[in-house]
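Colleague: I would like to go through this protein with you one question at a time. Could you explain each answer slowly, as you would to someone in the first year?

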Amino acid sequence: FRDTEFCAVTAEEYIQNLQSIRTAVVNRMPEANFVFIAPWIAMDGDMSIIGGMKPPDTDLAYNSYTSALKEWCSTNGDTFINANEYLADHFSKHPQSDYLIDFIHPNSGPGVKLYAEAVLKECK
């Protein structure tokens, strides 16, 4: 995690990676439309355990990636969705463990449903 060989460790690298993916899709399908969803918020135990980051650094990292993605989408005319406010509100009232595995990924039932609800709320 946060190894430069395997992932983007800055917002700029994150956008460069997404641009590569977007370009590859457009090259094969020029009429493609894109919807990008902000990175999943850092939850208890997320990067602080695995990547050595601790709040507020985790929040700053996610905010920088999200801001860069929002700006990049605006530049490209792509749709940007940030479902994290909905998720954070939900997790302030309900145990994360009911929806997540390993503090990061939605579990196959309630977590995926919650994430879909959060995204759809932002689509309205």
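Colleague: In this predicted model, which residue forms a salt bridge with aspartate 78?

Modeller: A salt bridge needs a side-chain nitrogen of Lys or Arg within 4 Å of a carboxyl oxygen of Asp or Glu, and for aspartate 78 the closest N and O atoms of the pair are 2.7 Å apart. The two side chains also make a polar contact at 2.7 Å. The partner of aspartate 78 is arginine 22.

Colleague: How many residues apart in sequence are the parts that this pair ties together?

Modeller: Arginine 22 is found in helix H1, while aspartate 78 lies in the loop between H3 and strand S2, which spans residues 79-81. Because the two residues belong to these separate parts, the pair ties together stretches of the chain whose distance in sequence is 56 residues.

Colleague: Is arginine 22 buried or exposed?

Modeller: Buried means under 20% relative accessible area, and the relative accessibility of arginine 22 is 15%. Its partner, aspartate 78, falls in the buried class together with arginine 22. Arginine 22 therefore counts as buried.

Colleague: How many salt bridges does a search of the whole structure find?

Modeller: Besides the pair of aspartate 78 and arginine 22, the side chains of lysine 93 and aspartate 89 meet at 3.0 Å, N to O. Another salt bridge joins lysine 113 and glutamate 117 at 2.7 Å, and both of these residues lie in helix H5, four residues apart, which is about one turn of the helix. The search of the whole structure finds a total of three.

Colleague: Is lysine 93 buried or exposed?

Modeller: Exposed means over 50% relative accessible area, and lysine 93 has a relative accessibility of 57%. Its partner, aspartate 89, has a relative accessible area of 40% and is partly exposed. Lysine 93, at its own value, counts as exposed.

Colleague: Which elements give two or more residues to the largest nonpolar core?

Modeller: The largest nonpolar core has twelve residues, among them Tyr14, Ile15, Leu18, Leu69, Trp72 and Cys73. In soluble globular proteins, nonpolar side chains tend to be buried together. The elements that contribute two or more residues to this core are helix H1 (11-28) and helix H3 (57-76).

Colleague: How many residues does the second, separate core have?

Modeller: This core is separate from the largest one, and its members include Ile81, Leu87, Phe91 and Tyr99. The number of residues in the second core is eleven.

Colleague: What is the area of the nonpolar surface patch made by Ile21, Val25 and Met29?

Modeller: Isoleucine 21 lies in helix H1, and at 53% relative accessibility this residue counts as exposed. Together with Val25 and Met29, isoleucine 21 makes a nonpolar patch on the surface, with an area of about 260 Å².

Colleague: How many disulfides does the structure hold?

Modeller: A disulfide is a covalent bond between the sulfur atoms of two cysteines. Cysteine 73 counts as buried, at 0% relative accessibility, whereas cysteine 123 counts as partly exposed, at 49%. The number of disulfides in the structure is zero.

Colleague: In what order do the elements of the chain run from the N terminus on?

Modeller: The chain has five helices and four strands, and buried residues make up 34% of its 124 residues. Writing α for a helix and β for a strand, the order from the N terminus on is α-β-α-α-β-α-β-β-α.

Key
Residues are numbered from 1 along each chain as its sequence is written. This is a predicted model: local features need pLDDT of at least 70, side-chain atom pairs count only at pLDDT 80 or more; totals for chains, interfaces and linings use all residues. Side-chain values use heavy atoms; hydrogens and water are left out. A disulfide is a pair of cysteine sulfur atoms within 2.5 Å. Buried means under 20% relative accessible area, exposed over 50%, partly exposed in between (1.4 Å probe, protein chains only). A nonpolar core is a set of buried Ala, Val, Leu, Ile, Met, Phe, Trp, Tyr and Cys residues joined through side-chain atoms within 4.5 Å. Patches are made of residues with over 30% relative accessible area and no salt bridge: like charges are joined within 9 Å, nonpolar side chains (Val, Leu, Ile, Met, Phe, Trp, Tyr) within 5 Å. Accessible areas come from the Shrake-Rupley method with a 1.4 Å probe; for residues, only the protein chains shown count as cover. A polar contact is a pair of N or O atoms within 3.5 Å; within protein, one must be able to donate a hydrogen and the other to accept it, and residues adjacent in sequence count only if both atoms are side-chain atoms.
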